[in-house]
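Colleague: I'd like to go through this one with you and ask what stands behind each label. Can you show me the model?

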Amino acid sequence: MKELQYPFDVEYLIKNKKKIKKVLLEKEGLLEKRVAILGGSTTSEIKNMLEIFLLNYGIKPSFYESEYNKYYEDAMFGNKELDEFNPDIIYIHTTNRNIKWYPNILDDEATISEMLAQENKNMTQMWDKLFAKFNATIIQNNFEYPYYRLLGNKDASNVHGRINYINRLNNLIYDYANTHNNFFINDINYISSCYGLDRWANQFYWHMYKYALEVPAIPYLAFNLANIIKSIYGKNKKAFVLDLDNTLWGGIVGDDGVENLAIGPEVPSGQVYQEFQEYLKEHKNLGVILNIDSKNEYENAIAGLNHPAGVLKPDDFIIIKANWNPKNMNIKDIAAELNLGADSFVFVDDNPAERHIVESTVEGIAVPEVDTPENYIQIIDRNGYFEMTNFSQEDLKKNELYKDNAKRSQMMSTFDNYDDYLKSLQMKAEICSFKPIYLERISQLSNKSNQFNLTTKRYSLSDIENVANSENYIKIYGKLADIFGDNGVISVVIGHIKGKELHLDLWIMSCRVLKRNMEFAMMDELVAQAQAQGLTTIYGYYYPTLKNKMVKEFYEEMGFTLIEEDEKGNKFYKMNVEGYKKQNNVIEVER
Amino acid sequence: MEREEIFTRLNNVFRDVFDDDSITVNDNTTADDIEDWDSLEHINLIVAIEQEFGLKFNMHDVTTFKNVGEMVNVISNYLNK
C-alpha cells in the first residue's frame, strides 16, 4: 500500500489506521506471528502502527503488551499471560527514560564505569532470561540522545556527559547483538536523528501520556521495526529494476548522445548520478540483483552504461531489457528469467507515469516515489527494502550465482540430450544432516522459498536449531556445485519420526537449481537415512498455495502413491522404503 | 471561524479517528458517549485535531477539556487570535 511507504503522510495514517487495517486484513495468505511488546513507556500507539505496517508486509501479528513500564518485571520474574502467549518476537521498547543511573558530575571514572557495567548487566540478564524461556527473536531499542546537554558540547566527550554515557551504553548493547543470534537492534538513535530530536523528544507527550517520543513520530519508529521483522521472515526485496535516462544518468542517451550525458564529477548533476550509481553498486556487493528496464535501443543503452565516468557497467546487471515494450511486460519477463517473483523487485524510474503503470499492474512490486535525483538515495534507503538481519555468505555471492545460471541456459541450447547436458555440468552435491554452519541459510531458505515448497511451512532460526538438535527428525540439506560455480545450500528436507513412520514436514528447493535432478539425489539420501533408522514408510504432504503449483505432482514423480486428496487440493502420499531404487545418476554425491 | 464550522470539521475528525460514521458530537459530548474514546485513543484524537486545524495545544489546554464544547472554545480561541 502506497500510504505505508516512506515518506508517509503521518496525519493520514493516524486518522485512518482503522480503515487501513480493515483493507489489509482482506489480503490472503497472511503469515501469523505473535509479537510481545515489553515497554518502558506507553506503547499502545506503537502497537497500532506496527500492526498496519506488518499487515502491509503480509504478516498478521497478534500482540501481548506489558503493563505500563513493566518490561523488566515481565522479563525477569515471568508473567503467566506472557508465558501462555509464547511470543515469536519480543520487542523491548526502552528509551533513555529507562536508564536507571546517570553519572553525577562528582563521580570519578571508576564509579561511572561501574554504573555502566551494572546497567548493562541488568539488560543482559533480562535478555538471557527471555532467551532461556522463549523460543523467540528479541528486538531491542538502542538509546536515543537526551534532549538537553548539561555540559553543552562537552557532553559528548566527557565521561560525565549523558551523550557520552549513552554512546558507551549503546556500544555494550551492540556487543551483545554481535555475539547473539536472534537478537536485533532497533536503531532509534538513528531514527530519532533523521526525524529531528527536538520534535522526537517533544515533552508534551511524555508528561501528558508517558510516550517517550511524540505521537506523530511513531509511524517512523513502527516502520523501522516492521522492516526488521519482515526481514527476519524472509520478506526482503531481492532485486532492483532500473530505468536508465534521467534515473542512472542525466539526459537521454538516444537523443543527446553518450558524450553529453550528465554523469561523473565535473558538474553537480553528474555528481548526483555518479553517487546514485555508487549506491546501487554497493547493493550489488551485498547480493541485491541489478536489472535494467528502459525504453531505449539496446545499443544505446549499452553505450550509455559504458560511459567512462559511469560506476555501473553492463556486466553489473543480470538482465538488461532495453526495448520499446511496456515496462510492466519487461518486468514480467525479468521475473520469469530470474525465477523470482516480481513482488521481490524495487522499480526505480524518474517518470511518474511509468511508475504509476508498473505500480498498478505488477502486484507487490515496490515503487519508491523518487522525485528529484538528489533525493533518490534517501527515499530508497529509508524504505528499508533490503534490511539486513540474517546475513549469510550466500547473499554476497548471489549476483555470481545468477550470472552462472544465465551461462548455463546458454550452454543448454548446444546439447540435444538433456541427460548429456546434465552430465556435462559435472555436478557435485553434498547431502548430509544439518550442520551448525548452515542453520542460518537453512532458515533463510525456508522463509524465502515459495514455488518449490510442498508445505510452505516457515522456520525461524530458533525453530531450525530445535530441529537440528532433536533425534525425532530426519533433516537433510543439499549443496550443489558444478563447473560454473557453487550454488551453496539449495535444498532442505525435514521429516518427523513417528514409530516406524516418517512424515515429511518440509521439502524445499531453490528455483535456481530446477531441473538438475537434485530432488532425486535428495530423495535417495532421505530413503537411505530412513532405512538406516529402521523406518518402513514415508508420508508426503502437498498443500497448495498461490505460488507452489510447480510441485503439485512432485510426490508422484518421486514414486509416492497418492492416498487422498481433499476438495482444497491438499494431497497425502505414502511410499514404502523397502524396494526403493536409487534415482539420481547425474550428480556425484558426497554424504 | 464560526463555532458551527468548527463543529462540522471536528465531527469529521471524530468519525475518522473512531472509524464510525454515525458519530455526531455536540457541546455536551464526553468520552462516555463514544465507545472507543479511552485515554489511549484520546491522544490520537488530539493529534488529529491539531493537524486538522493547524494548531498545537499546550498541556494546560488538554488537561482542561471536560467536553467537546470546551474543546471547541479552545480551538476557537486559537483560530480567532
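Modeller: Sure, and keep in mind that this is a predicted model. One definition before we start: two residues are in contact if their C-beta atoms, placed from the backbone, lie within 7 Å.

Colleague: Fine. With that cut-off, how many residues does the contact between the chains take from each side?

Modeller: Chain A puts in 14 residues and chain B 11 residues. On the chain B side, helix 1 (3–18), helix 2 (39–53) and helix 3 (59–64) each supply at least two residues. Helix 2 of chain B gives the most, with 6 residues.

Colleague: What is the make-up of the side of chain B that touches chain A?

Modeller: That side divides into 7 nonpolar, 2 polar and 2 charged residues.

Colleague: Over to chain A. Which domains does the assignment give?

Modeller: The domain assignment has domain 1 (2–232), domain 2 (239–382) and domain 3 (426–590). Between the C-alpha centres of domain 1 and domain 2 of chain A there are 35 Å.

Colleague: Take Leu248(A). Why does Leu248(A) count as buried?

Modeller: The cut-off for buried is 20 or more other C-beta atoms within 10 Å. Leu248(A) has 29 C-beta neighbours inside 10 Å, so Leu248(A) counts as buried. Leu248(A) sits in the loop between strand 6 (239–242) and helix 11 (253–256) of chain A. Apart from neighbours within four places in sequence, the contacts of Leu248(A) are Leu242(A), Tyr273(A), Gln277(A) and Leu312(A).

Colleague: And why is Asn246(A) called partly exposed?

Modeller: Partly exposed is what falls between the cut-offs, 20 or more for buried and 12 or fewer for exposed. Asn246(A) has 17 C-beta neighbours inside 10 Å, so Asn246(A) counts as partly exposed. Asn246(A) is also in the loop between strand 6 and helix 11 of chain A.

Colleague: What is notable about phi of Asn246(A)?

Modeller: The phi is near 65°, a positive value in a residue other than glycine. Thr456(A) has a positive phi too, near 50°. Thr456(A) lies in the loop between helix 19 (439–448) and helix 20 (461–469) of chain A. With 17 C-beta neighbours inside 10 Å, Thr456(A) counts as partly exposed.

Colleague: Now the sheet with the order 8-7-6-9 in chain A. What makes strand 8 and strand 9 edge strands?

Modeller: The sheet is open, with 4 strands and parallel pairing. Strand 8 (319–323) and strand 9 (345–348) of chain A each have a single partner strand, so one side of each is left without a neighbour in the sheet. From one strand to the next, the twist averages 15°.

Colleague: How do you know that strand 7 and strand 8 of chain A pair?

Modeller: Pairing needs at least two bridges. Strand 7 (residues 289–295) and strand 8 of chain A are joined by 5 bridges and run parallel, so they count as paired. Ile292(A) stands opposite Ile320(A) there. Helix 13 (residues 298–305) of chain A lies across both strands, at about 125° to strand 8.

Colleague: Same question for strand 12 and strand 13 of chain A: in what sense do they pair, and over how many bridges?

Modeller: Strand 12 (residues 485–498) and strand 13 (residues 501–509) of chain A have 8 bridges in the antiparallel sense. Gly495(A) has Leu504(A) as its bridge partner. The hairpin has 2 residues between the strands, and Gly499(A) takes a positive phi near 60°.

Colleague: And what follows strand 13 of chain A, in terms of pairing?

Modeller: Strand 13 pairs with strand 14 (residues 537–542) of chain A in the parallel sense over 3 bridges. Leu502(A) is partnered by Ile538(A). The chain gets from strand 13 to strand 14 through helix 21 (residues 518–532) of chain A, in a right-handed β-α-β crossover.

Colleague: What makes a crossover right-handed?

Modeller: You look with the strands pointing away from you, and the path from the first strand over the helix to the second has to run clockwise. The crossover through helix 21 of chain A is assigned right-handed on that basis.

Conventions
Residues numbered from 1 in each chain as written. Chains lettered and ligands numbered in written order. Predicted model: local features only at pLDDT ≥ 70, side-chain atom pairs only at ≥ 80, totals over all residues. Nonpolar A, V, L, I, M, F, W, Y, C, P; charged D, E, K, R; others polar. Domains from an automatic or database assignment. Axes fitted to C-alpha atoms, helices over the stretch in contact; angles between N-to-C directions.
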